[in-house]
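Student: Hi, I'd like to go through a structure with you. Could you put it up so we can both look at it?

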Amino acid sequence: MLLTQRSTLTQFLIEERRRFPASGGDFNALILDVALACKGIARAVAYGELGGVMGNYAAEDGGSVNVQGETQKKLDVVSNDVFMQRTEWSGHLAGMASEEMELPYQIPAQYPRGKYLLVFDPLDGSSNIDVNVSVGSIFSILRAPQAVIDSGRDVVEADFLQPGASQMAAGYALYGPTTMLILSVGNGVAGFTLDPNLGEFMLTHPNMRIPQDTHEFAINASNSRFWEAPVKRYVDECLAGKTGPRAKDFNMRWIASMVAEAHRILMRGGVFLYPRDSKDASKPGRLRLLYEANPVGFLMEQAGGRASTGEKPMLGVQPSSLHQRIGLVFGSKNEVERIERYHAEPAPQESVEPLFSPRSLFRD
Ligand code: AHG
Ligand code: MN
Ligand code: MN
């Protein structure tokens with residue numbers, strides 16, 4: 001398709017903004033700054049070993065283990081810096097928070113403060129960086145509490161503890177064979193592909209919709225002994241395929257970059273589970289509510305899919321801390337609802353066909 005036939009991200013945002021004639025340009029400008037940060041990270045990722053940003057962030061350079069207890073990769077730190085530098089100066093933000101920073105980040109005194117909060121996972125799937133598998137960045141834009149906007153005071157953790165339903169925008173960039181930006185400003189989901197020559201995100205996937213049904217699931221099966229019964233039941237039924245209670249075969253995928261799994265699911269359906277499990281009592285789930293589950297959940301719901309804790313809608317959860325972890329299930333609506341039903345039902349063994357139940361005559 002000719003260049004003239006595609007919208008740029010800028011054009012898309014300006015056209016979206018016409019729905020709100022009273023709005024200023026801050027929101028769009030902020031999203032464009034985030035998009036520029038993503039382009040910068042895409043370039044660093046693309047250079048790989050040539051850019052000198054592979055591997056762990058050495059202790060002598062100030063790197064160590066982040067607030068999650070995970071060893072930081074150089075690219076985690078570089079990506080975090082890129083996000084901050086591209087967005088802190090503009091006067092659109094009251095503050096930000098990131099996976100890589102224990103505390104909220106204050107807009108430096110030399111810059112004006114604005115009305116939005118930016119929350120991000122600068123590099124998702126960073127264990128995949130050194131093996132050249134897709135990674136991405138995830139972001140969420142919240143409105144700062146009115147008291148913060150009025151006073152211009154420093155932000156505190158409590159300012160960020162807003163349920164996912166109140167996100168103004170959410171999205172991710174995927175640094176795969178092509179770089180893409182997937183965005184929702186609360187009016188559906190749109191996908192943009194980076195034209196590397198123009199340096200522009202071009203609208204290539206308007207109005208992305210997730211099929212309601214699927215035969216593809218994604219879960220880290222090495223954790224199966226720690227799963228709760230409803231999750232075990234769901235996966236067992238998928239694995240049983242045509243001869244099981246679901247009477248159809250399922251396929252499984254696990255990339256270990258949630259952002260890449262989310263993208264596959266947005267494109268062709270599927271269900272992703274990183275459920276709460278008993279692996280580590282201090283971690284109720286692997287993924288983080290504010291900068292992983294909520295933004296991806298917002299995109300899923302905006303695309304006609306569903307996002308859940310396994311028990312209830314993700315976007316209704318009241319966060320309790322900045323780096324809170326949570327069980328996450330998202331994707332094709334009918335599958336996510338099924339998993340929620342399994343959690344609501346009393347005893348898994350009683351509700352499945354006896355012949356195929358884990359306690360049937362044919363199993364020990
Ligand atoms: P991050 O790189 O931001 O820490 O996130 C990685 C997450 C997520 O992207 C992925 O789905 C999951 O961790 C992979 O976990 P396992 O290593 O348990 O498979
Ligand atoms: Mn992540
Ligand atoms: Mn990360």
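Student: Let me jump straight in: is D124 buried or exposed?
Tutor: D124 counts as buried, at 5% relative accessibility. Keep in mind as we go that this is a predicted model.

Student: Noted. Which metal does D124 coordinate, and with what partners?
Tutor: D124 is a donor to the manganese ion (ligand 2), along with D121 and E292. The two aspartates give OD atoms and the glutamate gives OE, at 1.8 to 2.2 Å.

Student: How are those donors spaced along the chain?
Tutor: The pattern for the manganese ion (ligand 2) is D-x2-D-x167-E.

Student: And which protein atoms hold the manganese ion (ligand 3)?
Tutor: The donors there are E99 through OE, D121 through OD and L123 through O, lying 2.2 to 2.3 Å from the ion. Their spacing reads E-x21-D-x1-L.

Student: D121 came up twice. How far apart are the two manganese ions that D121 bridges?
Tutor: They lie 3.6 Å apart, with D121 bridging ligand 3 and ligand 2.

Student: Why does D121 count as buried?
Tutor: D121 counts as buried because its relative accessible area is 0%, and the cut-off for buried is under 20%. L123 is buried too, at 1% relative accessibility.

Student: Back to E292 for a second. Which helix has E292 among its buried residues?
Tutor: That is α8, where E292 is buried along with residues including Y291, A293, N294 and F298.

Student: Why do you call α8 largely enclosed?
Tutor: Because 12 of the 14 residues of α8, which spans 289-302, are buried, the helix is largely enclosed by the rest of the structure.

Student: What follows α8?
Tutor: G304 does, and its phi is positive, near 85 degrees.

Student: Which residues touch G164, leaving out its sequence neighbours?
Tutor: G164 is in contact with N294, F298, L315 and V317, setting aside neighbours within four places in sequence. Two of those names, N294 and F298, belong to the buried residues of α8. G164 itself is in the loop between α5 (157-160) and β5 (169-175), and its relative accessible area is 0%, so G164 is buried.

Student: How far is G164 from N56 in space?
Tutor: Their C-alpha atoms are separated by 32 Å, and the two residues are 108 apart along the chain.

Student: What about a pair like S320 and A158, how far apart are those?
Tutor: S320 and A158 are 8.3 Å apart, C-alpha to C-alpha, with their positions 162 residues apart in sequence. S320 is in the loop between β13 (306-308) and β14 (325-326).

Student: Is S320 buried or exposed?
Tutor: S320 is exposed, with a relative accessible area of 55%.

Student: New topic: the N-terminal helix. Which residues of α1 are buried?
Tutor: In α1 (residues 9-17), the buried ones are L9, F12, L13 and E16. They cover an arc of only 95 degrees around the axis, so they sit on the same side of α1.

Student: Why would positions spaced like that point the same way?
Tutor: An α-helix has 3.6 residues a turn, so residues three or four places apart point the same way.

Student: What covers the buried residues of α1?
Tutor: The cover includes α2 (26-47), β6, β7 (190-195) and β8 (200-205).

Student: Pick something from β6 for me. What does T179 touch?
Tutor: T179 is in β6, which runs over residues 179-184. Not counting residues up to four places away in sequence, T179 touches A42, L174, F192, T193, L194 and F201. T179 counts as buried at 13% relative accessibility.

Student: L174 rings a bell. What does S134 contact?
Tutor: L174 is among the contacts of S134, which also include N128, Y175, G176, P177, S257 and A260. S134 is in the loop between β3 (116-124) and β4 (135-143), and its relative accessible area of 17% makes S134 buried.

Student: Last one: how many cavities of 30 Å³ or more are there?
Tutor: There is one, with a volume of about 50 Å³. The lining consists of E228, V231, P275, R276, T309, G310, E311, V329 and H343, which divide into three nonpolar, three polar and three charged residues.

Key. Residues numbered from 1 in each chain as written. Chains lettered and ligands numbered in written order. Predicted model: local features only at pLDDT ≥ 70, side-chain atom pairs only at ≥ 80, totals over all residues. Heavy atoms only, no water. Donors = N, O, S within 2.8 Å, 3.2 Å for Na, K, Ca; no water. Buried < 20%, exposed > 50% of the residue type's maximum accessible area, 1.4 Å probe, protein only. Helix = DSSP H or I, 4+ residues; strand = E, 2+ residues; numbered from the N terminus. Contact = heavy atoms within 4.5 Å. 1 Å grid on protein atoms, 1.4 Å probe; cavity = no way out; pocket = protein on both sides within 12 Å on 5 of 7 lines; lining within 4 Å. Points joined across faces, edges and corners; volume = space filled by probe spheres on them. Nonpolar A, V, L, I, M, F, W, Y, C, P; charged D, E, K, R; others polar. Arc of directions from axis to C-beta.
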